[in-house]
Amino acid sequence: MRIVNLKVNGVGQAFLARPETTLLLALREQLGLTGAKRGCAQGACGSCTVLLDGEPVVSCLVPAATVDGADIATVEGLADGEKLSDVQQAFLDGFATQCGFCTPGMIMSAEALLDRNPNPTRDEVNEAISGNVCRCTGYEPIVSAILDAAERRREGAKL
Amino acid sequence: MPRVNPIDTEYFKDERKPDFTVIGTTVQRSDALGHVTGRTEFFEDRTFPGLAHVKIHRSAHHHAKIDDVDCSEALAVPGVLRVITYRDVPSNWYVVLRLIGIEPNDEPVLAEDRVLYKGEPIVAVVADSEAAALEGVRRVKVSYTELPAVFDVEEALAPDAPIIKQAGTNYFVYEGHHARRLRFGDVERGFAEADYIFEWRYSSAPIEHAPTETTGCIVVPQSGGRLLIHSNTQAAFFTLDNTALILDRPFTDLQVKGGTVGGGFGGKVDVMVEPLACIAAMLTHRPVKFVYTREEEMQVSSPRAAERIYIKDGVMNDGRIVARKVMLYVDAGAYSRHSPYGTTKACAHLPGPYTIPNVYADCHCVYTNRTPSSAMRGFGVTIADFALESQMDRIARALDMDPLQFRLRNAYRDGDMKAHRKVASGTALIEVIQRAAALVGHDLPEEYRAMSSKGGAA
């Protein structure tokens with residue numbers, strides 16, 4: 001058992017981590033952030049994707065005790081009040097959600113992609129979400145929404 | 001809202017009501033904002049102090065007699081609160097369609113003296129933590145005597161097959177019959193008159209829905225003995241009535257909160273987790289979570305049934321189908337669940353959207369020692385359509401006919417008598433094929449362009 005200090009969505013947090021506590025369970029059960037989902041608990045579905053120091057990770061496979069001092073971003077931190085992030089808004093406008101279970105993980109993978117590559121090709125989007133499983137919509141509206149979000153971000157950057 | 005894909009309403013213009021305005025417009029999902037912000041609350045997003053966890057010890061064999069169950073080592077695991085066996089289940093029968101008269105009692109909630117499929121639940125372990133529950137599950141000891149198993153629908157119906165069901169047959173009995181039957185005209189006379197006979201076999205494998213959110217629930221004891229069930233079921237009322245029947249308690253003792261489903265596709269229609277979670281909550285007086293692992297979801301949640309379908313058609317030189325005989329087998333797996341209903345749907349779907357004067361079908365709901373199958377997206381119909389439309393394409397190729405023209409020649413029209421003795425109405429297959437052909441630039445001769453669903457018998 002050890003104390004873990006970290007930043008989640010820019011806010012300092014601390015919690016006690018047992019050796020078997022994953023970052024996903026710590027977020028969900030100790031910090032009350034349930035946006036990241038447990039779909040498989042084996043790193044296969046991507047529903048638990050969060051950003052660890054800017055990089056997308058499957059939080060179900062990250063031991064919480066190893067992230068002391070890290071900067072974590074989850075879906076809950078994306079919107080500014082009622083104003084959605086470009087990726088969130090594009091998912092909303094582009095009908096890129098159905099049951100919604102994969103959506104937070106999918107959005108975090110998309111945010112990470114656009115942070116490092118503002119103008120991705122369709123293939124690069126496919127690659128970026130290749131670890132995120134969606135069983136409802138098919139991937140086309142999701143990929144199109146991410147490309148739309150990239151364009152919104154570029155337009156926003158010009159203003 | 002703007003119409004993004006204007007639809008052609010001409011054909012049904014007399015049937016449209018002026019205040020029906022949604023089709024053809026863009027309407028945002030009411031839950032989408034919650035989805036993109038992560039605020040949508042799925043059942044597992046709730047936490048409760050003192051939450052206990054249920055895990056299941058499952059059958060290691062496809063078909064076996066249970067000689068002994070020893071839970072003593074499981075109970076000794078620190079954190080394990082209880083074990084639950086069939087003796088703790090007030091009414092140990094799960095028959096999902098019982099309330100619409102489906103019989104007989106068929107599937108135990110927890111196995112008693114035998115198991116009929118690998119992964120069948122035998123003992124539930126309730127513990128303070130998931131880890132303790134899993135350790136308890138590992139320490140349950142079951143001794144078995146293995147029995148012969150059958151994995152193929154036709155082998156299960158063979159005269160020398162081991163009878164695996166206590167009801168005495170390896171098939172579901174429909175009003176005294178071995179199959180759901182369809183009889184129309186004289187199919188043998190139709191074959192005798194036909195210029196050609198075509199007979200082919202079609203088969204499909206089970207398909208797992210694999211929802212991203214696995215099947216699960218949290219049951220919270222309420223004051224006065226009521227139980228509040230937070231579930232990701234697709235069928236809150238199946239959950240309510242079946243759970244109450246299994247608990248042998250009035251329906252009013254249960255409250256089901258659901259409606260938020262992380263992928264279902266029919267896979268969350270059966271009532272698999274709620275009864276045991278309720279019993280665990282009643283026995284421990286604690287809130288209880290029972291959620292499938294990904295492995296359980298893949299291995300034991302009911303898939304779409306495997307099917308085998310034989311279609312024999314008698315066809316005339318001009319492309320008219322004059323007789324169709326279908327022998328259809330649905331692999332229900334070890335227990336009924338929704339498969340008797342799915343098999344009836346398959347039969348109701350025959351012989352496809354075509355007018356055929358002589359039709360004969362036997363649709364069998366067959367038990368095997370495989371994972372019980374159940375609902376999935378159009379079950380009964382989807383695989384039948386795969387077989388029927390494959391058959392249509394193959395016949396068209398064999399006769400060197402255009403497959404669309406072959407379908408148009410046989411398409412049902414308003415006023416035709418269907419094999420189920422209902423007069424066809426509201427048909428539009430001809431117009432849909434004509435429109436689809438035009439959209440892809442597939443030329444149809446004038447004779448076929450002039451056909452109409454309202455144009456009388458084929």
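## Chain B at a glance

Chain B packs in 13 helices and 17 strands. Keep in mind that this is a predicted model. Along the principal axes, the C-alpha atoms of chain B fill a box of roughly 80 × 65 × 35 Å.

Chain B has 458 residues, and 53% of them count as buried. If you look at contacts in chain B between residues at least 6 apart in sequence, 78% join residues at least 24 apart.

## Where the two chains meet

Chain A gives 31 residues to the contact, and chain B gives 31 residues as well. Putting the two chains together buries about 2,500 Å², with carbon and sulfur atoms giving 53% of that area.

There are four salt bridges across the interface of chain A and chain B. Here's one to pull up on screen: A:Arg28 pairs with B:Asp45, and their closest N and O atoms are 2.8 Å apart.

## The largest pocket

The largest pocket has a volume of about 1,500 Å³. Its lining takes in 46 residues, and those nearest the centre are A:Leu25, A:Arg38, B:Glu130, B:Ala131 and B:Leu134. As for elements that give two or more residues to this lining, chain A offers α1 (23-30), while chain B offers β1 (52-58), α3 (130-139), β14 (288-291) and α8 (294-299).

What about the chemistry of the lining? Sorted by class, the largest pocket is lined by 16 nonpolar, 13 polar and 17 charged residues.

## The second largest pocket

The second largest pocket comes in at about 320 Å³. It is lined by 20 residues, and B:Asn105, B:Asp106, B:Lys165, B:Gln166 and B:Ala167 lie nearest its centre. By class, that lining splits into eleven nonpolar, three polar and six charged residues.

## Helix α7 of chain B

Helix α7 of chain B runs over residues 274-284 and is mostly covered, with nine of its eleven residues buried. The buried set starts with B:Glu274, B:Pro275, B:Leu276, B:Ala277 and B:Cys278, then carries on through B:Ile279, B:Ala280 and B:Ala281, with B:Thr284 completing it.

Just after α7(B) you get B:His285, which has a positive phi, near 55°.

## Cavities inside

How many cavities of 30 Å³ or more does the structure hold? It holds five. The largest cavity encloses about 160 Å³ of space, and 17 residues line it. Nearest its centre sit B:Val109, B:Pro121, B:Met272, B:Leu276 and B:Tyr292. The elements of chain B that give two or more residues to this lining are β1, β5 (107-108) and α7. So that's where helix α7 turns up again, and B:Leu276, one of its buried residues, is among those nearest the cavity's centre. The lining of the largest cavity is made up of 14 nonpolar and three charged residues, with no polar ones.

The second largest cavity holds about 50 Å³ of space. Its lining consists of B:Ala305, B:Glu307, B:Val330, B:Ser339, B:Gly342, B:Ser374, B:Phe379 and B:Gly380. By class, that gives three nonpolar, four polar and one charged.

Definitions and conventions
Residues numbered from 1 in each chain as written. Chains lettered and ligands numbered in written order. Predicted model: local features only at pLDDT ≥ 70, side-chain atom pairs only at ≥ 80, totals over all residues. Heavy atoms only, no water. 1 Å grid on protein atoms, 1.4 Å probe; cavity = no way out; pocket = protein on both sides within 12 Å on 5 of 7 lines; lining within 4 Å. Points joined across faces, edges and corners; volume = space filled by probe spheres on them. Helix = DSSP H or I, 4+ residues; strand = E, 2+ residues; numbered from the N terminus. Nonpolar A, V, L, I, M, F, W, Y, C, P; charged D, E, K, R; others polar. Buried < 20%, exposed > 50% of the residue type's maximum accessible area, 1.4 Å probe, protein only. Contact = heavy atoms within 4.5 Å. Buried area = accessible area lost by both parts, 1.4 Å probe. Salt bridge = Lys/Arg side-chain N within 4 Å of Asp/Glu carboxyl O.
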